[in-house]
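Open the model in your viewer and keep the selection panel at hand. We will go from stop to stop, and at each one I will say what to select and what is there.

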Amino acid sequence: MSTLLAEDSLSPTLAHLAGLVDQYASPDFAVAHGGRVQTIAAGHYTVRGLSRHVRLGEFVAHKSASGVHLGEVVRVEPELIYVCPIEPGEPIGIHDTVIRKGAFRISPSDSWCGRTVNSLCEPIDGHGPIVEGLDRRSISNTAPPSMTRQRVGTGFKTGVRAIDIFSPLCLGQRLGIFAGSGVGKSTLLSMLARADAFDKVVIALVGERGREVREFIEDTLGSNMKKAIAVVATSDESPMLRKMAPLTAITIAEHFRDKGENVLFIVDSVTRFAHAIREVATASGEPPIARGYPASVFTELPRLLERAGPGPEGAGTITAIISILVDGDNHNDPIADSTRGILDGHIVLQRSLAEEGRYPPIDPLASISRLARKAWTPDQEKLVSRLKVLIHRFEETRDLRLIGGYRQGADPDLDMAVKQVPIIYDVLKQAPGDRESVDAFADLAGALKAAAGMGNPGAPIQRR
């Protein structure tokens, strides 16, 4: 009996000790007590005391004399964690307190439509604070499981004739626009952003020039801005903010997709997103593996892009249009090559076409939509195949014709290409301020009919 009493008297003590162990081992204890800054470098700082309580990719808060500043954990060691600060020029001192915050979460809402925010979902348009919704999401979500997703099958018109004819799109498709600097990626994106097939438009402007932000939002989107949300991280902001901008934007798009809406998701550009990841990874000591890019770049790209596309059964879709800046007009650089393999199609903009004054400078032979057959009718598919044959014949004989080696009547296909292709090129020209095309095939047929003076618009492009 005395033994039982002794054990009973020890029970509260043991329970108290067990509670203390659980408390000290829990992340909440780390939040309350925090760690301390140990070393400070140009792109990161290290913290001692949080290694057991944080995970890679989580956020921490650094307390300084000027306030509380966020940072992301980019490397974890037994005694130290490496943190990249979110804000540029953050004042950091040795032994400053750092506490764990966990995953960065946002709460999108329908009231955000028409607003412009930064990567932290703070309004930057001067229209007052934004109202948070009830749906709280981490910006590091994963894509829906592949076998639960809907199939893509509904085409839509972009209003850009060169795309609607040669590389038509479907709801839930992911398309890349590949071009060098100054060729017209942003201009083409602005034309696509006006498409009427979508309930919401979410735009991530990554590394953009500051002066172009208002031009894109006010001039390009115009009245469509009432159903759009823009997430902006300009070129002078920290690599962490540039890295977060597309993640924040795709999380907002997922909110509307899960409500059953069709969302257009635009990123300009994913190359600058990759550059931001490279800066963060290099600062944390990750070695490069391909032309200066570390392995984490090629891990993060598919994680972002796979989150777009059709949602689960009963949800909506996220149609992604992504611009890719090819370094030195090399369309096989690591980022372009990696991204091309993930997307469902690519539009190639050629500098030579822009120099000829053909806008948008889309190369119809190099541009491919992997879901085009779901958007074309069988007759349209046959027609486009014939058009590509004519354009290829016209382009491969350009030098021959320039030196006077072409003789009319020797090659019927070439004769037809010489007559028809310049007309096709004229139809494909389209400035940002031009009227959107309602039916690109009808526009092409009308132009060919007017040029040939024939009653049947299909006749000039048939094989003789």
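Two strands count as paired here if DSSP finds at least two bridges between them. With that in mind, select R48 together with L80: the bridge partner of R48 in β5 is L80. Please remember along the way that this is a predicted model.

**The barrel**

Now widen the selection around that pair. Strand β5 covers residues 80-85, and β2 pairs with β5 in the antiparallel sense over four bridges. Both strands belong to a closed barrel of six strands, in the order β1-β2-β5-β4-β3-β6, with antiparallel pairing. Ignoring direction, neighbouring strands of this sheet are turned against each other by 45° on average.

Step to the other side of β2 by selecting residues 35-40 and 45-48. These are β1 and β2, which run antiparallel and are joined by four bridges. They form a hairpin, with four residues between the two strands. For a closer look, pick I40, which stands opposite Y45 in β2.

Next, select residues 59-64 and 97-102. Here strand β3 and strand β6 run antiparallel, with five bridges joining them. Which residue of β6 stands opposite F59? That place is taken by G102.

**Backbone stops**

Before leaving this region, click on H95 in the loop between β5 and β6. Its phi is near 70°, a positive value in a residue that is not glycine. Then move on to C121, in the loop between β8 (116-117) and β9 (137-138). C121 is not a glycine either, yet its phi is positive, at about 65°.

Two cis peptide bonds come next. Select D268 and S269: the bond joining them is cis, with omega about 0°. S269 sits in the loop between β15 (262-268) and α7 (270-283). Then go to Y359 and P360, where the peptide bond is also cis and omega is near -5°. For P360, the setting is the loop between α10 (351-355) and β21 (368-369).

**The annotated domain**

Select residues 171-353 and give them a colour of their own. An unreviewed UniProt entry places the feature "domain: AAA+ ATPase" on this stretch. Over these residues the chain is 42% helix and 27% strand, and the C-alpha atoms at the two ends are 29 Å apart.

**A pair of helices**

Now show residues 378-396 and 412-428, which are helices α12 and α14. At what angle do these two helices pack? The angle is about 100°, and their axes are 8 Å apart. Since angles of 65 to 115 degrees count as roughly perpendicular, α12 is roughly perpendicular to α14. Turn on the side chains to see the contact: on α12 it includes L387, L390, I391 and F394, and on α14 it includes L414, M416, V421 and I424. By class, the contact has twelve nonpolar, one polar and four charged residues. Among the charged ones to pick out are R386 of α12 and D413 of α14.

**Last stop: confidence**

Finally, colour the chain by pLDDT. The mean is 87, and 90% of the residues reach 70 or more. Residues 20-32 stay under 50, and the model has 13 contacts for them beyond four places in sequence. Residues 455-464 are also below 50, with 22 contacts beyond near neighbours in sequence. Where pLDDT is low, the predicted coordinates should not be read in detail.

Definitions and conventions:
Residues are numbered from 1 along each chain as its sequence is written. This is a predicted model: local features need pLDDT of at least 70, side-chain atom pairs count only at pLDDT 80 or more; totals for chains, interfaces and linings use all residues. Side-chain values use heavy atoms; hydrogens and water are left out. Axes are lines fitted to C-alpha atoms, for helices over the stretch in contact, and angles run from 0 to 180 degrees between N-to-C directions. Angles under 35 degrees count as roughly parallel, over 145 as roughly antiparallel, 65 to 115 as roughly perpendicular and the rest as oblique. Contact means heavy atoms within 4.5 Å. UniProt positions are given in the numbering used here, feature names are shortened, and annotations may be inferred rather than shown by experiment. pLDDT is the predictor's confidence in each residue, from 0 to 100.
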